[in-house]
Amino acid sequence: MIKELMKSIREYKKDSIMSPLMVTMEVIMEVIIPVLMARLIDFGIETQNLGYIWKMGILLAVTAMISLMFGVLSGKYAAKASAGFAKNLRKDMYYNVQNFSFSNIDKFSTASIVTRLTTDVTNVQNAYQMIIRMAVRAPIMLLFSMVMAFQVNAEMSLIFLGTAPVLAVGLFFIMTHAHPIFERVFRTYDKLNNVVQENLHGIRVVKSYVREEHEIEKFEKISTSIYDDFSLAEKLIAFNMPLMQLCVYVCMLLVSWFGAKLIVSTGNDPVNGMSTGQLMSLITYAMQILMSLMMLSMVIVMITISRASMERIVEILKEESDLKNGPSPVTEVKDGSVVFDHVSFSYTGKKDKMCLKDINLNIRSGETIGVIGGTGAAKTSLVQLIPRLYDVTEGRLLVGGLDTREYDIEALRDQVAMVLQKNVLFSGTIKENLRWGDASASEEELVRVCKLAQADDFIQTFPDKYDTYIEQGGSNVSGGQKQRLCIARALLKKPKILILDDSTSAVDTRTDAMIRKAFREEIPDTTKFIIAQRISSVQDADRIIVMDKGEVSAVGTHEQLLQTNKIYQEVYYSQVKGGSEDETFR
């Protein structure tokens, strides 16, 4: 886990090394100060040597200033290293998510990924900053102070060693009991984000059904759960401070008691017994030793908190896409022909849960193929295999005469344009949204594809026309307008295969017919798959595929299916209700 995280340090290695180096120099200066103070007391104040007092005083001031300088530098390097580390972590996670296949994305909820990119990364950032500063400072300070304390008085220094087992037991108890709680807390954070996201996304539905109180109760329930878990974990962690203070005060009392007795019995002799200056330096070292132990405990506590976050981040970083290029991927798609050769598919990969079963289809380049069927008939699953959003479980799927697994994924998808059921527009102008299809498209090309998609008319009614700003998710345009903009965006790719997955459901039948007429006349060489619920959307297709429970029920023209297929007949007569068809744009 640590090895995987450390890959994200990269260009901040220098800062990550400089911070511990500066901390080490700072500690050395701090350890020297008690020695200078002891000499100041024993050989300056006790002997009333004013010259020596001035000399040691200046030396103390210089040492303190140098220590301060090293402390400031260590903080600067630590802040830069931890912030850079967090930046790279977010970048690496986001980059890896972009490479996920749909099946990889299915493993993580949107709310969970957002939490990992924000809260979890912040926890790891804070822990890393403590590690390269406090986790370095504490053991070095502990070691140096112990060495100096033993040089002053070895017997008295044994008092410090007696506190180590007590602290070790306390920290072990905190770590083992707090970590599982924090793991549970971060999983609950995912649920909290999911509740908020769902509420904001469906706020119009919530208000329409007057369900605000219900949503508030859901939020309060999960928020209370986080509060309860955090309170329990913080209570365990809070046990750390009184334990530390107990050890500090016990050590201080024992050092003061035995030190005072030793000074009285030896007559303040720094050579054969103990002097006032030595006692003062010993007390200072005692404080440094115990403060280093407290810092070490704080680092351990922070690592305990962030450990769950580290594990969740590594899950994202180590997740590998199950769709990969072969050893010598083909980068050119010959044409838009599509062949399903005994194709079966399961989202779970299990053969007993196939959603597509033994599909055999041969589609010529340039054909218009309608796909129709009831809800859950696996229409979308069928077309999602073409751009290799998923791999087939059994059989072969050929595009342009080659198995989709032989293509470079990016090259294949560049020749397949999809307009999915859920139309997505991004915040930005209409131009910026359209140019997702082709970043270098000219103004004339934008207008051309919008006319094909019957979008130019309504765009011209906007004050800013193609520079009109689209809000996040396209909330300031209607469903039909959003669908037509998405179709125009797909056409801008100039694909060999165009897939419309129920993407004209929000437009009226007249506009739908005009879009299909434009397709026939303007892009005859593009293979078109039109998934629809309305018969009128597919009736003029070259062939229509009728799907039923993951299988191909029938393939034929509109007239043939009306004569031979019961499912198609039921759908047709339920929609036309015995009325005549609108032949205007056929």
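## A friendly walk through a predicted model

Tutor: Let's start in a loop. Glycine 374 sits between β3 (368-373) and α11 (379-384). Keep in mind that this is a predicted model.

Student: Happy to. Which residues is glycine 374 in contact with, leaving aside its neighbours within four places in sequence?

Tutor: Start with how open the spot is: glycine 374 has a relative accessible area of 41%, so it counts as partly exposed. Next, look along the chain: methionine 547 is 173 residues away in sequence, yet the two C-alpha atoms are 7.5 Å apart. With neighbours within four places set aside, the contacts of glycine 374 are Lys379 and Met547.

Student: Now a helix. Is asparagine 104 buried or exposed?

Tutor: Asparagine 104 belongs to helix α4 (residues 102-107). Beyond its neighbours within four places in sequence, it touches Glu319, Glu320, Ser321 and Asp322. Buried means under 20% relative accessible area. Asparagine 104 has 2% relative accessibility, so the word for it is buried.

Student: How far apart are the C-alpha atoms of asparagine 104 and glutamate 319?

Tutor: Glutamate 319 is one of the residues in contact with asparagine 104. Along the chain the two are 215 residues apart, while in space their C-alpha atoms are separated by 7.6 Å.

Student: And arginine 137, which residues does it contact, leaving aside neighbours within four places in sequence?

Tutor: Find arginine 137 in helix α5 (residues 110-152). Its relative accessible area is 16%, so this arginine is buried. Leaving out neighbours within four places in sequence, the residues in contact with arginine 137 are Val23, Glu26, Val27, Glu30 and Met295.

Student: Where is leucine 279, and how far in space is it from glycine 259, C-alpha to C-alpha?

Tutor: Leucine 279 is part of helix α10 (residues 276-318). Its relative accessibility is 13%, so leucine 279 counts as buried. Glycine 259 is 20 residues away in sequence, and the C-alpha to C-alpha distance is 6.2 Å.

Student: Let's turn to a leucine on the surface. Which residues form a nonpolar patch with Leu50?

Tutor: Leucine 50 is in helix α3 (residues 50-98). It counts as exposed because its relative accessibility is 56%. The patch has about 610 Å² of accessible area together, and Leu50 shares it with Trp54, Ile58, Val62, Ile66 and Met69.

Student: On to the sheet. Which strands stand at its edges?

Tutor: The sheet is open, has four strands and runs in the order β2-β1-β4-β5, with antiparallel pairing. An edge strand has a single partner, so one side is left without a neighbour in the sheet; that describes β2 (356-363) and β5 (402-403).

Student: Which residue of β2 stands opposite valine 343?

Tutor: Strand β1 (residues 338-345) runs antiparallel to β2, and five bridges join them. Within β2, the residue opposite valine 343 is isoleucine 359.

Student: Last one. How many disulfides does the structure hold?

Tutor: A disulfide is a covalent bond between the sulfur atoms of two cysteines. For cysteine 450, the closest cysteine sulfur is in cysteine 486, 11 Å away and therefore too far for a bond. Both residues are buried, because cysteine 450 has 0% relative accessibility and cysteine 486 has 3%. The number of disulfides in the structure is zero.

Key
Residues numbered from 1 in each chain as written. Predicted model: local features only at pLDDT ≥ 70, side-chain atom pairs only at ≥ 80, totals over all residues. Heavy atoms only, no water. Patch = residues over 30% accessible without salt bridge, like charges linked within 9 Å, V, L, I, M, F, W, Y side chains within 5 Å. Areas by Shrake-Rupley, 256 points an atom, 1.4 Å probe, with all protein chains shown as cover. Salt bridge = Lys/Arg side-chain N within 4 Å of Asp/Glu carboxyl O. Helix = DSSP H or I, 4+ residues; strand = E, 2+ residues; numbered from the N terminus. Buried < 20%, exposed > 50% of the residue type's maximum accessible area, 1.4 Å probe, protein only. Pairing = 2+ DSSP bridges. Contact = heavy atoms within 4.5 Å. Disulfide = S-S within 2.5 Å.
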